[in-house]
Amino acid sequence: MIEKEFIPKSYSNSIESGSFTWSSPSNIALVKYWGKKEHQIPENPSISFTLDNCKTTTTLSFSKKENSDSFSFEVFLDGEKKDDFKPKIETFFKRVEAYLPFLKDYHFKIETSNTFPHSSGIASSASGMSALALCLMSIDKSLGEHISQENFIQKASFLARLGSGSACRSLEGDLVVWGKHNKIDGSSDVFGVKYPYEVHQNFKNYQDTILLVDKGEKQVSSTVGHNLMHGHPFAKERFKQANKNLSDMISILKDGDLDKFIALVESEALTLHAMMMTSMPYFILMKPNTLEIINKIWAYRQSSGSKVCFTLDAGANVHVLYPENEAFQVLEFIKNELVAFCQKGQYINDKIGFGAKLL
Ligand code: PMV
């Protein structure tokens, strides 16, 4: 499906007011997206685990307004008005208006809450933008847009991408690919798709414990970070490498080869940060405790033969990934050796999840 096909033909129903509630999860990339072209088109394909516990629930209430001159909306986080969220949503509305022509006809109340602590350093943009996109899609559908379930999710993913790139991987479980890859059927630059091939039992219910190392505001927004890949001395090689890593991931996922999985996932995490450290201007998002944790994980793996590994987002927090059958031992290790490096000892236990839900 191409962009133009997401423009509704015409709406057959007229609705005065209503509301929809969706809950949508966060996701953690195994092969990372870092660098984009115009219109949120990724420079390389990526793949992520959909999470289960870290999610955003959004209720979108809408009521018809007198005129259709401009966007009209208010935003609440945990019941509190959040005017500082408005510019990002206004930009999102402008980008998606052509695909949701009703946007200026209604006044919207957006009420949102996250299961993870606000400003925990866990990005809420993926879960937040996908939840909002889904609520808007429910309106689109109830206005009479004839759309199959598959196209509903595709268009929601497409819209979420225009809010925040990685958000397009948050709609479905349990592994999602975004970005055209010549070995993955149906993969697309414009929306995320459920990973279509065989996944070994080893990856069922894969665990992710998120260690909250630094809850401060990000020093660099991801928009700025992505833009620094333009003219980056290693960009071309990086995009090639991500393509190859995704090819390799296909056989790793099929065979359940955890050693190869660990090597690929950790290398991807460090490469993401290496890109940041070698851009101009350069920056470091890891903190001393991020490195302490990485070294502890390596030492534990060496001594125990565990298949635990780590990955990182664009921040200092560490995602500790491990198979379900090691959950007990790894959690003991985390409590005994890693929690000391978390801010206020905070961490979140999560695992692979099954995607967004209409509530
Ligand atoms: O979705 P954005 O624009 O915030 O970019 C996020 C990119 C990473 O989280 C660092 C990597 C990824 O693929 O999710």
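Mentor: Let's start with a term: domain bounds come from an automatic or database domain assignment. For this protein chain, that assignment gives domain 1 (3-197) and domain 2 (201-351). The model is predicted, so local features need pLDDT of at least 70 and side-chain atom pairs count only at pLDDT 80 or more, while totals for chains, interfaces and linings use all residues. Residues are numbered from 1 along each chain as its sequence is written, and side-chain values use heavy atoms, with hydrogens and water left out.

Trainee: How far apart are the centres of domain 1 and domain 2?

Mentor: Taken over C-alpha atoms, the centres are separated by 25 Å. The contact between them, where contact means heavy atoms within 4.5 Å, takes 34 residues from domain 1 and 43 residues from domain 2.

Trainee: What makes a set of residues a nonpolar core?

Mentor: Its members are buried Ala, Val, Leu, Ile, Met, Phe, Trp, Tyr and Cys residues joined through side-chain atoms within 4.5 Å. Buried means under 20% relative accessible area, exposed means over 50%, and partly exposed is in between (1.4 Å probe, protein chains only). The largest core here has 76 residues, and Ile47, Phe108, Leu136, Met249 and Phe261 touch the most other members. Helix α2 (residues 125-142) gives the largest share, nine residues.

Trainee: Why is this core said to lie between the domains?

Mentor: Because domain 1 (3-197) and domain 2 (201-351) both give residues to this core, it lies between them. There is also a second, separate core of 23 residues, including Phe310 and Val330.

Trainee: Which residues does Phe261 touch?

Mentor: Leaving out residues up to four places away in sequence, Phe261 touches Leu30, Phe49, Phe203, Tyr206, Met249, Ile252 and Cys309.

Trainee: Why is the pair Lys240 and Glu237 called a salt bridge?

Mentor: The term asks for a side-chain nitrogen of Lys or Arg within 4 Å of a carboxyl oxygen of Asp or Glu. For Lys240 and Glu237 the N to O distance is 3.3 Å, so the pair qualifies. Side chains of opposite charge can pair when their charged atoms come close. The structure holds 12 salt bridges.

Trainee: How do you know that Lys240 and Glu237 are about one helical turn apart?

Mentor: They are three residues apart in helix α5 (residues 235-255), so about one helical turn separates them. Helices are DSSP runs (H or I, at least four residues), as strands are (E, at least two), numbered from the N terminus.

Trainee: What makes Lys240 exposed and Lys244 partly exposed?

Mentor: Lys240 has a relative accessible area of 52%, so it counts as exposed. Lys244 is at 49%, so it counts as partly exposed. Lys244 forms a salt bridge with Asp248 (2.7 Å, N to O), and Asp248 is partly exposed at 28%.

Trainee: Which residues come nearest the ligand?

Mentor: Of the 13 residues around the ligand, Tyr33, Ser166, Arg169, Ser222 and His226 come nearest. A residue is near a molecule or strand if one of its heavy atoms lies within 4 Å of it.

Trainee: What makes the pairing of His226 and the ligand a polar contact?

Mentor: A polar contact is a pair of N or O atoms within 3.5 Å; within protein, one must be able to donate a hydrogen and the other to accept it, and residues adjacent in sequence count only if both atoms are side-chain atoms. A polar side-chain atom of His226 lies 3.0 Å from a ligand oxygen atom, so this pair fits. For Asp313, the side-chain distance to a ligand oxygen atom is 3.2 Å.
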